[in-house]
Amino acid sequence: MLRWAKQLILFDGVGFIKVLKESNLDPIGKKITIVGAGGAVTAIEIQAALDGVAEISIFNRKDEFYNQALFNCKNINENTQSKAKVFD
């Protein structure tokens with residue numbers, strides 16, 4: 001969710017990547033950093049990997065979402081060209 005020009009914009013992973021590209025911030029082929037591992041961020045990191053982001057650094061404390069971050073990282077590394085790593 002972003003507040004952009006006094007408008008509230010809601011999106012999933014596809015929408016997030018689209019908004020970045022429309023703002024001349026194309027992440028494809030680049031490194032990105034993600035903070036958190038909840039549902040919204042999961043959609044964004046998976047879509048980023050599917051679209052071709054080179055590297056994804058996922059930062060999440062060891063809370064109830066940490067194991068999900070590890071699972072997502074493993075799936076990204078095994079099923080896409082992107083490389084992901086989780087940090088706590």
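What follows is a walk through a predicted model of a single protein chain, from its overall layout down to a few individual residues.

Starting with the overall layout, the protein chain holds three helices and five strands. Read from the N terminus, these elements come in the order β-β-α-β-α-β-α-β. The chain has 88 residues, and 35% of them count as buried. Its accessible surface adds up to about 5800 Å², with carbon and sulfur atoms supplying 55% of that area. As for how the chain folds back on itself, take the contacts between residues at least 6 apart in sequence: 54% of these join residues at least 24 apart.

Next come the helices. Helix 1 covers residues 13-22 and helix 2 covers residues 39-51; the two pack with their axes 7 Å apart and at an angle of about 65°. Their crossing is right-handed. On the helix 1 side, the contact is made by G13, V14, F16 and I17, while helix 2 brings in A43, I44, Q47, A48 and D51. Sorted by character, the residues of this contact come out as six nonpolar, two polar and one charged. The charged one is D51, because Asp belongs to the charged class. G13 goes with the polar residues, since Gly is put in that class.

Helix 3, residues 66-79, is home to A69. With a relative accessible area of 0%, A69 is buried, because anything under 20% falls in that class. Once neighbours within four places in sequence are set aside, A69 is in contact with A37, I58 and V86. Of these partners, I58 falls within strand 4, residues 55-59, and V86 within strand 5, residues 83-87. A69 can also be placed relative to E45: the two are 24 residues apart along the chain, and their C-alpha atoms are separated by 9.9 Å.

Strands 4 and 5 also supply the aromatic part of the story. A search of the whole structure turns up one aromatic pair. That pair is F59 with F87, and it is stacked, at 4.8 Å centre to centre and with 15° between the planes. It ties together distant parts of the chain, given that F59 sits in strand 4 and F87 in strand 5, 28 residues apart. How buried or exposed are the two rings' residues? F59 has a relative accessible area of 35% and is partly exposed. F87, at 28% relative accessibility, also counts as partly exposed. Both values lie between the 20% and 50% cut-offs, so neither residue is classed as buried.

Strand 4 also contains E55. At 36% relative accessibility, E55 counts as partly exposed. Leaving out residues up to four places away in sequence, E55 touches K30, K31, I32 and K83. Among those partners, K83 lies in strand 5, and K31 and I32 belong to strand 3, which spans 31-35. E55 and Q81 are 26 residues apart in sequence, with a C-alpha to C-alpha separation of 9.0 Å.

Last up is a backbone detail. N24 has a phi near 60°, a positive value in a residue other than glycine. N24 is placed in the loop between helix 1 and strand 3. Its relative accessibility is 71%, so N24 counts as exposed, the cut-off being over 50%.

Conventions. Residues are numbered from 1 along each chain as its sequence is written. This is a predicted model: local features need pLDDT of at least 70, side-chain atom pairs count only at pLDDT 80 or more; totals for chains, interfaces and linings use all residues. Side-chain values use heavy atoms; hydrogens and water are left out. Helices (H or I, at least four residues) and strands (E, at least two) are DSSP runs, numbered from the N terminus. Buried means under 20% relative accessible area, exposed over 50%, partly exposed in between (1.4 Å probe, protein chains only). Contact means heavy atoms within 4.5 Å. Accessible areas come from the Shrake-Rupley method with a 1.4 Å probe; for residues, only the protein chains shown count as cover. Rings of Phe, Tyr and Trp (its six-membered ring) pair if their centres lie within 6.5 Å; planes under 30 degrees apart count as stacked, over 60 as edge-to-face and the rest as tilted. Axes are lines fitted to C-alpha atoms, for helices over the stretch in contact, and angles run from 0 to 180 degrees between N-to-C directions. A crossing is left-handed if the near helix is turned anticlockwise from the far one by less than a right angle, and right-handed if clockwise.
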